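Subject: That structure for you to look at

Hi,

Here is the structure I promised to pass on. Have a look around first, then read my notes below.

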Amino acid sequence: MVTIGNAHDDLIHDAVLDYYGKRLATCSSDKSIKLFDVENDNYKLIETLLGHEGPVWQVAWAHPKFGSILASCSYDGKVLIWKEQPDNKTWSIITEHKVHQASVNSVSWAPHELGAILLCTSSDGKVSVLDFNDDGTTSHVIFDAHAIGVNSASWAPVNSKLLERKFVTCGSDNLAKIWKFDTNTNKYIEEAKLEGHSDWVRDVSWSQSVLIKSYIATASQDRTVLIWSQNKSGAWEKQLLTDEKFPDVVWRCSWSLSGNILAVSGGDNKVSLWKENLQGKWESAGEVDQ
């Protein structure tokens, strides 16, 4: 394990490796984003990005087919899109997405097969979807999603036979909702409402595996994680990850790239790993003390 000391002057909220695992982006309450080169477990600071006026909650790398591009979101209500110029290796802001009236809590890029599309969620209760068009322009759709605020979102995996836009959001109304893009109206319509938590849903993650069936995990302030899967009729069924509640608030949940391991982190400063057994029950696959 490698530790990066004194990376930021305040709390670090996110740390994400790029597609190739060669660069690490971190963001913090100190309003900055730091970029590190990763070589043989050595981390070298190469750039500090300044542009936000509040804590930066999350960063997300675009697929490399679109260039070296990073999105960031902040308490200041802005989403900034940063791009590295290939000739001189300098970073600059290429787009400022300022359509939200409150903190922007998450940013996530769509599967690259759909194009350069960024999904943003905000405490103003709205979700916005920003499209980067082939002619260099941008366009966006914004809509009401969760009455009290939207905390996170996650794209559905792409079916190679049917390139449809679909994602799941979660909010402070104790709900998760699945949205699908209607090509006739160019609007996102609510396809399903996932009800099961008794407090804010802090995070949601849609497994990118399409081998057997679709899984969604939701992590909540109520100290539970629910696993959702579709039955043969298409309805979503829920299952508690564990019968006993977690010791503290569950902040984040994330699927492995293969889609069969779920990582869960919470207020107890631990990361636990979970895997489904042959009987369809979820069992512990290990724990990491932070």
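Now that you have it open, start with two strands: β5 and β6 (residues 69–74) run antiparallel and are joined by 5 bridges. One thing to keep in mind as you go is that this is a predicted model.

To get your bearings on that pair, find Val56, which stands opposite Ser74 in β6. A bit further along, Val59 has Ser72 of β6 as its bridge partner.

On its other pairing, β6 meets strand β7 (residues 79–84), again in the antiparallel sense and over 5 bridges. Here Ala71 is the residue to click on, with Ile81 of β7 opposite. The hairpin of β6 and β7 has 4 residues between the strands, and in it Gly77 takes a positive phi near 85°.

Zoom out and you'll see that these strands belong to an open sheet of 4 strands, in the order β5-β6-β7-β8, with antiparallel pairing. Why is one side of β5 and of β8 left without a neighbour in the sheet? Because β5 (56–61) and β8 (91–97) stand at the edges, and each has a single partner strand. From one strand to the next, the twist averages 25°.

Back to β6 for a moment, as I liked this one. How many of its 6 residues are buried? The count is 6 of the 6, so β6 is largely enclosed by the rest of the structure. It helps to know that side chains in a regular strand alternate between the two faces of the sheet. In β6, Ile69, Ala71 and Cys73 are buried on one side, while Leu70, Ser72 and Ser74 are buried on the other, and both faces are covered.

Next, the aromatic rings. Searching the whole structure turns up 14 aromatic pairs. One of them is Trp61 with Trp91: the ring centres are 6.1 Å apart and the planes sit at 70°, so this pair is edge-to-face. Trp61 lies in strand β5 and Trp91 in strand β8, so the pair ties together parts that are 30 residues apart in sequence. Trp61 and Trp91 are both buried.

Compare that with Phe181 and Tyr188, whose ring centres are 4.9 Å apart with planes at 50°, so the pair is tilted. Phe181 and Tyr188 are buried too. They also belong to one aromatic cluster, made up of Phe143, Trp155, Phe167, Trp179, Phe181 and Tyr188. While you're there, look at Arg165: its charged end sits over the ring of Phe181, 5.1 Å from the centre.

Then there's the largest nonpolar core, which has 16 residues. Which of them touch the most other members? Those are Leu119, Val127, Val129, Phe143, Trp155 and Phe167. Two or more residues of this core come from each of β10 (117–122), β11, β13 (150–155) and β15 (175–182). β13 gives the most, with 3 residues.

Val127 is a good place to stop and look around. Leaving aside neighbours within four places in sequence, Val127 is in contact with His100, Leu119, Cys120, Thr121, Val141, Ile142, Phe143, Ala145, Val150, Phe167 and Thr169.

Strand β11 (residues 126–132) pairs antiparallel with strand β12 (residues 138–144) through 7 bridges. One bridge to find is the one between Phe132 and Thr138 in β12. The hairpin of β11 and β12 has 5 residues between the strands, and Gly136 in it takes a positive phi near 95°.

Last, two loop residues. Is Ser29, in the loop between β2 (23–28) and β3 (32–39), buried or exposed? Ser29 has a relative accessible area of 18%, and the cut-off for buried is under 20%, so Ser29 counts as buried. Not counting residues up to four places away in sequence, Ser29 touches Asp10, Leu11, His13 and Pro55.

The other is Phe246, in the loop between β20 (236–240) and β21 (250–255). Phe246 counts as buried as well, at 11% relative accessibility. Its contacts, leaving aside neighbours within four places in sequence, are Arg223, Thr224, Val225, Leu241, Val264, Ser272 and Trp274. The C-alpha atoms of Phe246 and Lys126 are separated by 29 Å, with their positions 120 residues apart along the chain.

Have fun with it!

Terms used:
Residues numbered from 1 in each chain as written. Predicted model: local features only at pLDDT ≥ 70, side-chain atom pairs only at ≥ 80, totals over all residues. Heavy atoms only, no water. Pairing = 2+ DSSP bridges. Axes fitted to C-alpha atoms, helices over the stretch in contact; angles between N-to-C directions. Buried < 20%, exposed > 50% of the residue type's maximum accessible area, 1.4 Å probe, protein only. Contact = heavy atoms within 4.5 Å. Phe/Tyr/Trp six-rings, centres within 6.5 Å; stacked < 30°, edge-to-face > 60°. Lys NZ or Arg CZ within 6 Å of the ring centre and 35° of its normal. Core = buried A, V, L, I, M, F, W, Y, C linked by side-chain atoms within 4.5 Å.
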